[in-house]
Amino acid sequence: QVQLLESGGGLVQAGGSLRLSCAASARTVGRFEMGWFRQAPGKEREFVVAISWPSGNIDYSDSVKGRFTASGDNAKNTLYLQMNSLKPEDTAVYYCVMGAGSRDPNAYGIWGQGTQVTVSS
């Protein structure tokens, strides 16, 4: 089974930037639906972005549109999430996912272990 490993989380001040990476154990980037979800303490999992390949269509949630950018590197088999203008409400564990693609977390069968992003005010 494909494994996803996220990295790049950390502590940043509001207005700052972080880039998350998701390394896949198999050739998934550019071939299958992938994306990012997040979950803050005491809250449900929240859709962040979904990427459909090979069309390249990207669907962002309204809460991150214009601030976050998702991309993939086929050669490195790695998915990225560039996060700019971070806000305290972006604080959450961020998960890389692979699956059928949609805003429904249940549509994704493979999840990474998550990486913590904390934005201080």
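In this predicted model, Thr-115 sits in strand β11. The residue is buried, because its relative accessible area of 10% falls under 20%. Without counting neighbours within four places in sequence, Thr-115 is in contact with Glu-6, Ser-7, Gly-8, Gly-9, Leu-20, Ala-92, Val-93 and Tyr-94. With Gly-9 there is also a polar approach: a polar atom of the Thr-115 side chain lies 3.2 Å from the backbone nitrogen of Gly-9.

Tyr-94, a contact of Thr-115, belongs to the largest nonpolar core. This core has 30 residues. Those with the most contacts inside it are Leu-4, Met-34, Trp-36, Leu-81, Met-83 and Tyr-94. Many strands contribute. At least two core residues come from each of β3 (18–24), β4 (33–39), β5 (46–52), β7 (68–73), β8 (78–83), β9 (92–99) and β11 (115–120). Tyr-94 itself has a long list of partners beyond four places in sequence. The list includes Leu-20, Trp-36, Phe-37, Val-48 and Phe-68. Leu-81, Met-83 and Val-117 are also among them. So are Glu-6, Arg-38, Gly-114 and Thr-115. Another core lies apart from the largest one. It has 5 residues, among them Phe-37, Ala-50, Val-97 and Tyr-108.

The structure holds 1 disulfide. Cys-22 and Cys-96 form it, with their sulfur atoms 2.0 Å apart. The link joins distant parts of the chain: Cys-22 lies in strand β3 and Cys-96 in strand β9, 74 residues apart. The angle about the S-S bond is -75°, and the link is left-handed. Both Cys-22 and Cys-96 are buried.

Strand β5 takes part in two pairings. With β4 it runs antiparallel, joined by 5 bridges. Arg-38 stands opposite Glu-46 of β5. The two strands, β4 and β5, form a hairpin with 6 residues between them. In that turn, Gly-42 has a positive phi of about 75°. The second pairing is with strand β6 (residues 57–60), also antiparallel, through 4 bridges. Here Val-49 has Tyr-60 as its bridge partner, and Ile-51 has Ile-58. β5 and β6 form a hairpin as well, with 4 residues between them. Gly-56 in the turn has a positive phi of about 80°. Most of β5 is covered, with 6 of its 7 residues buried. In a regular strand, side chains alternate between the two faces of the sheet.

Aromatic pairs number 4. Phe-37 and Phe-47 make one of them, with ring centres 5.7 Å apart. Their planes stand at 75°, over the 60 degrees required, so the pair is edge-to-face. Phe-37 lies in strand β4 and Phe-47 in strand β5, so the pair ties together parts that are 10 residues apart in sequence. Phe-37 and Phe-47 are both buried. Tyr-95 and Trp-111 form another edge-to-face pair, 5.8 Å centre to centre and with 70° between the planes. This pair ties together parts 16 residues apart in sequence, because Tyr-95 lies in strand β9 and Trp-111 in strand β10 (residues 108–111). The two residues fall on either side of a cut-off. Tyr-95 has a relative accessible area of 19%, under 20%, so it counts as buried. Trp-111 is at 24%, between 20% and 50%, so it counts as partly exposed. Ring pairs link Phe-37, Phe-47, Tyr-95, Tyr-108 and Trp-111 into a cluster. Phe-37 and Tyr-108, both in this cluster, are also members of the 5-residue core.

Arg-67 is found in the loop between β6 and β7. This arginine is buried, because its relative accessible area of 10% is under 20%. A polar atom of its side chain lies 2.9 Å from the backbone oxygen of Ser-85. Leaving out residues up to four places away in sequence, Arg-67 touches Gln-82, Met-83, Asn-84, Ser-85, Leu-86, Lys-87 and Asp-90. Met-83, touched by Arg-67, is one of the residues with the most contacts inside the largest core.

Notes: Residues numbered from 1 in each chain as written. Heavy atoms only, no water. Core = buried A, V, L, I, M, F, W, Y, C linked by side-chain atoms within 4.5 Å. Buried < 20%, exposed > 50% of the residue type's maximum accessible area, 1.4 Å probe, protein only. Contact = heavy atoms within 4.5 Å. Polar contact = N/O pair within 3.5 Å; in protein donor to acceptor, adjacent residues only side chain to side chain. Pairing = 2+ DSSP bridges. Disulfide = S-S within 2.5 Å. Phe/Tyr/Trp six-rings, centres within 6.5 Å; stacked < 30°, edge-to-face > 60°.
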